[in-house]
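The following exercises ask the reader to work from the displayed coordinates to a reasoned description. Each task is followed by a solution in steps.

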Amino acid sequence: MDRRHFIGAAGAAMAGAALAQGPKVFRDYDQAALDAAYDQSKYAPNLQQLVHRYATNSDITRSRLGAPRRVAYGSEPVEQLDIYRAERPNAPVQVFIHGGAWRSGRASDYAFPAEMFVQAGAHYVVPDFAWVQDVGGNLLTVARQVRAALTWVARNAASFGGDPSRIYISGHSSGGHQAGVLAATDWRSLGLPADVVKGYVLMSGMYDLVPVSLSARASYVRFDERALDELSTMRHLERISAPVTVVYGTLETPEFQRQSRDFAAALKDAGKPVELVVADGYNHFEVMETLAHPLQFAGRAALEQMKLKPPA
């Protein structure tokens, strides 16, 4: 049995054993199983290796492209974003929302996809935003900052050579959740065109916060009724108009897999433009790395949405 089959079998066995114990909290999950189903470390034994690789590969990317342009999109110290510029004038813009369980992660550690986008002829933008524990567990504050970052990009794209009519968004994990919230945003209420974003690539995200609120993540996130409603994209499918590509790996936790499948199915049933991409043999953190590769799952999807050819 190879490594991936071993890990997959071990994860399935662990989940199955946990499901058989204790009172049910959500579906067939008891509390321990649900907590594990929203904890990627239980299913990705190479987590630390991969997260370290994000950072080191980002350093290598900056050594090749140079330091990004660092710009404030708001008044708080954390409200800044990194812009990696393409040489092509009036180029499309890819805005990436990073993950980290809403409580970690920095834009500087997610530079590694920039080289692929820049070489393909697109600007690559990564915003920083507050960690949820630093704003009293309020995810609505984080969502407001992410919307503000996108709003800044839309209004200021021309200042760095970007085309404001060709803005695309990608996000991973909790950043996939936030990117989903952006997909359901009424941009007209913020003074932007309704179609300001032309496409979304959502990797390994969460689109219904109710089961998440029943998990151990509630120890640091304040899941009140307003947050559950406003930030559960599954409840606002009618607002989504841009094409959405949903990506997940078969070695992710069972809940992250289910959330991705259910969200894509709901979009399809609602008549929305959606594609579901299944990364066979990839865990949660490995899926993120595919955004940096033009012929792999997320990178290919992003370039296809932007109608860009893979760099030579």
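Helices (H or I, at least four residues) and strands (E, at least two) are DSSP runs, numbered from the N terminus. The model examined here is predicted.

**Exercise 1. Locate His98, classify its exposure and list its contacts.**

Step 1. His98 belongs to the loop that joins strand 3 (91–97) to helix 4 (114–120).

Step 2. Buried means under 20% relative accessible area. His98 has a relative accessibility of 1%, so this residue counts as buried.

Step 3. Residues up to four places away in sequence are set aside. His98 then touches Ser104, Gly105, Arg106, Ala107 and Tyr110, together with Pro127, Asp128 and Phe129, and also His172, Ser174 and Gly175.

**Exercise 2. Describe the chain as a whole: its secondary structure, dimensions, burial and charge.**

Step 1. The chain contains 11 helices and eight strands. Its radius of gyration is 19 Å, close to the 20 Å that the globule rule gives for 312 residues, so the chain is as compact as a globular protein of that length.

Step 2. Along the principal axes, the C-alpha atoms fill a box of roughly 60 × 45 × 40 Å.

Step 3. Of the 312 residues in the chain, 56% are buried. The chain exposes about 12900 Å², and carbon and sulfur atoms supply 52% of that area.

Step 4. Among contacts in the chain with a separation of 6 or more, 75% are between residues 24 or more positions apart.

Step 5. There are 32 positive and 32 negative side chains in the chain. The centres of the two sets lie 4 Å apart.

**Exercise 3. Identify where the confidence of the prediction is under 50, and set those stretches beside the chain average.**

Step 1. The average pLDDT of the chain is 94, and 94% of the residues score at least 70.

Step 2. Over residues 1–10, pLDDT stays under 50. For this stretch the model has 12 contacts beyond four places in sequence.

Step 3. Over residues 12–20, pLDDT likewise stays under 50. Here the model has nine contacts beyond four places in sequence.

**Exercise 4. Which residues other than glycine, Asn90 and Ser204 being the candidates, have a positive phi, and is each buried or partly exposed?**

Step 1. Most residues other than glycine have a negative phi.

Step 2. Asn90 has a phi near 55°, a positive value in a residue other than glycine. Asn90 lies in the loop between strand 2 (80–84) and strand 3. With 45% relative accessibility, Asn90 counts as partly exposed.

Step 3. Ser204, which is not a glycine, has a positive phi of about 50°. Ser204 is placed in the loop between strand 6 (197–203) and helix 7 (209–213). At 0% relative accessibility, Ser204 counts as buried.

**Exercise 5. Compare the surroundings of two residues of strand 1, Val71 and Ala72.**

Step 1. Strand 1 spans residues 69–72 and includes Val71. Ala72 is found in strand 1 as well.

Step 2. The relative accessibility of Val71 is 11%, so Val71 counts as buried. For Ala72 the value is 43%, so Ala72 counts as partly exposed.

Step 3. Not counting residues up to four places away in sequence, Val71 touches Glu79, Gln80, Leu81, Ile83 and Trp152. With neighbours within four places in sequence left aside, Ala72 is in contact with Glu79, Gln80 and Trp152.

Step 4. Val71 and Ile83 are 12 residues apart in sequence, and their C-alpha atoms are 7.8 Å apart. The C-alpha atoms of Ala72 and Arg27, 45 residues apart along the chain, are separated by 43 Å.

**Exercise 6. Place Asp229 and Gly271 in the fold and state the exposure of each.**

Step 1. Asp229 lies in helix 8, which covers residues 225–230. Its relative accessible area is 32%, so Asp229 is partly exposed.

Step 2. Leaving aside neighbours within four places in sequence, Asp229 is in contact with Arg235 and His236. Asp229 and Leu209 are 20 residues apart in sequence and 8.3 Å apart in space, C-alpha to C-alpha.

Step 3. Gly271 is located in the loop between helix 9 (254–269) and strand 8 (274–279). At 63% relative accessibility, Gly271 counts as exposed.

Step 4. Gly271 and Gln31 are separated by 240 residues in sequence and by 35 Å in space, C-alpha to C-alpha.

Technical notes
Residues numbered from 1 in each chain as written. Predicted model: local features only at pLDDT ≥ 70, side-chain atom pairs only at ≥ 80, totals over all residues. Heavy atoms only, no water. Buried < 20%, exposed > 50% of the residue type's maximum accessible area, 1.4 Å probe, protein only. Contact = heavy atoms within 4.5 Å. Rg over C-alpha atoms; globule rule 2.2 N^0.38 Å. Areas by Shrake-Rupley, 256 points an atom, 1.4 Å probe, with all protein chains shown as cover. Lys, Arg positive; Asp, Glu negative; His and termini not counted. Charge placed at Lys NZ, Arg CZ, Asp CG, Glu CD. pLDDT = per-residue confidence, 0-100.
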